[in-house]
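Let's walk through this one with plain questions and see what backs up each answer. Here it comes.

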Amino acid sequence: MNLGIILPRESSPGRTGNLTRRILSALSIAPPHIGVSRVQLDPGISLVICRIPYPPGRSEEQRRPGRRLKRRLDRILAEEGVLSVIEHPAIRDLYGSHKARYESCLADIAVSRFAELLGIAHRGAGLRRIEVAVTGSQRHLEYAITRLITLVKTVNVLIPEGFREPGGAAEAFEETGIPVHVTSDPAVLDRTPLWIRFPNDHESFDSLPAVYRGRIIDLGALKVIDTRAKRIYDICLELPGCLLDETGPLPDGMRYRRLPAFIAANCANAWGESAAEASVRLGMRLYLKP
């Protein structure tokens, strides 16, 4: 199984180039429009990079690849064994990959690897000396307790009034001696410099960031918000090193989110593991981008 990416290659053919194209077209000979290169992601998976002409200084309608070029791309992708394709944002109408949503995959990776984000967001201060607040669904809270219990001084679990307490809190304290406080009082945030919001936590917590003073790791929004410094960072996933030079400059949204998530999701399907496991196997690093 291989994956494909279609990128624009700016070209300005000039008079000679246009004449040559017309002659070749009349002879039914396809000019070498498409540049193809490959990056090995795994012994069984390559990323096939197809670069197509994208003349500068023209309208979007004039830049749109024609049917002839699309047929050539189809043939190349078939010969290369490409099963899934992602396109540069400037190229939207060939395979419709812009309709695919990879944010949920990236959020799953961030949730599974949130302990790494914890260290990045609180760099420079020992985690074992701080209290951490956590909000989220029952499943996420139980997961957070097991992962945080050996990393921080205290785990404060904030739940909505009347909701059932997550399991594992008492057991975690008995095994480690590290306190796990479960409360419905938002005032617990006043003493916690770091708040981890798992996706889909209760809507009653949505107003709390406005009065909170500290750092929020918002795994649903894929943001880290420093309310004291009034700064917001995007949670990003770094491409494998072998790809950085080969792809060249990419728009931020593609380079730091869509393309890494696309690769991780498809490799996970091929390997029969989670996207988070695939991202680790591919050497993708989580980091924060201002």
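Q: Before we start, what does "buried" mean here?
A: A residue is buried if its relative accessible area is under 20%. Keep in mind that we're looking at a predicted model.

Q: Why is leucine 73 called buried?
A: Leucine 73 has a relative accessible area of 0%. The cut-off is under 20%, so leucine 73 counts as buried.

Q: Where does leucine 73 sit, and what does it touch?
A: Leucine 73 is part of helix α3. Leaving out residues up to four places away in sequence, it touches Ile6, Ile34, Cys50, Ile52, Leu94 and Tyr95. Touching takes heavy atoms within 4.5 Å. As for arginine 51, it is 22 residues from leucine 73 in sequence, and their C-alpha atoms are 9.9 Å apart in space.

Q: What is the overall make-up of the protein?
A: The protein has 10 helices and 12 strands. Of its 290 residues, 47% count as buried. Looking at contacts with a separation of 6 or more, 64% come from residues 24 or more positions apart.

Q: In what order do the strands of the open sheet lie?
A: The four strands go β2-β3-β1-β4, and the pairing is mixed. On average, neighbouring strands of this sheet are turned by 25 degrees against each other, direction ignored.

Q: What makes β2 and β4 the edge strands?
A: Each pairs on one side only; β2 covers 35–42 and β4 covers 82–87.

Q: How do you know that β2 and β3 pair?
A: Pairing takes at least two bridges. β2 and β3 (residues 45–53) have seven, in the antiparallel sense, so they pass. As an example of who faces whom, glycine 35 stands opposite arginine 51 in β3.

Q: How do you know that β1 pairs with β3 and with β4?
A: The same threshold of at least two bridges applies. Seven bridges join β1 to β3, and the two run parallel. Five bridges join β1 and β4, also in the parallel sense. Both numbers meet the threshold, so both count as pairs. Arginine 9 has proline 53 in β3 as its bridge partner, while asparagine 2 stands opposite valine 82 in β4.

Q: Why is β1 described as largely enclosed by the rest of the structure?
A: Because six of its eight residues are buried.

Q: Which strands do helices α3 and α9 lie against?
A: Helix α9 (residues 252–271) lies across β1, β2, β3 and β4, and it runs at about 170 degrees to β4. Helix α3 (residues 67–79) packs on the sheet and touches β1, β2, β3 and β4. The direction of α3 makes about 165 degrees with that of β3.

Q: What makes phenylalanine 114 and phenylalanine 198 an edge-to-face pair?
A: Rings pair if their centres lie within 6.5 Å, and planes over 60 degrees apart count as edge-to-face. These two rings are 5.2 Å apart centre to centre, with 75 degrees between the planes, so they fit on both counts. Both residues are buried. Ring pairs also link Phe114, Tyr143 and Phe198 into a cluster.

Q: What makes α5 mostly covered?
A: Six of its eight residues are buried. They are Phe114, Ala115, Leu117, Leu118, Ile120 and Ala121.

Q: What makes tryptophan 195 and tyrosine 212 an edge-to-face pair?
A: Their rings are 5.5 Å apart centre to centre, with 80 degrees between the planes. The limits are within 6.5 Å and over 60 degrees, so the name fits. Both tryptophan 195 and tyrosine 212 are buried.

Q: How do you know that arginine 281 sits over the ring of tryptophan 271?
A: The charged end of arginine 281 is 3.8 Å from the ring centre. The distance limit is within 6 Å, so that part of the test is met.

Q: Which parts of the model call for caution?
A: The average pLDDT is 86, and 87% of the residues score at least 70. Over residues 12–17, though, the pLDDT is below 50, and this stretch has two contacts beyond near neighbours in sequence. Residues 19–32 are also below 50, with 13 such contacts in the model. Where pLDDT is low, the predicted coordinates should not be read in detail.

Notes
Residues are numbered from 1 along each chain as its sequence is written. This is a predicted model: local features need pLDDT of at least 70, side-chain atom pairs count only at pLDDT 80 or more; totals for chains, interfaces and linings use all residues. Side-chain values use heavy atoms; hydrogens and water are left out. Axes are lines fitted to C-alpha atoms, for helices over the stretch in contact, and angles run from 0 to 180 degrees between N-to-C directions. pLDDT is the predictor's confidence in each residue, from 0 to 100. Rings of Phe, Tyr and Trp (its six-membered ring) pair if their centres lie within 6.5 Å; planes under 30 degrees apart count as stacked, over 60 as edge-to-face and the rest as tilted. Buried means under 20% relative accessible area, exposed over 50%, partly exposed in between (1.4 Å probe, protein chains only). A charge sits over a ring if NZ of Lys or CZ of Arg is within 6 Å of the ring centre and within 35 degrees of the ring normal.
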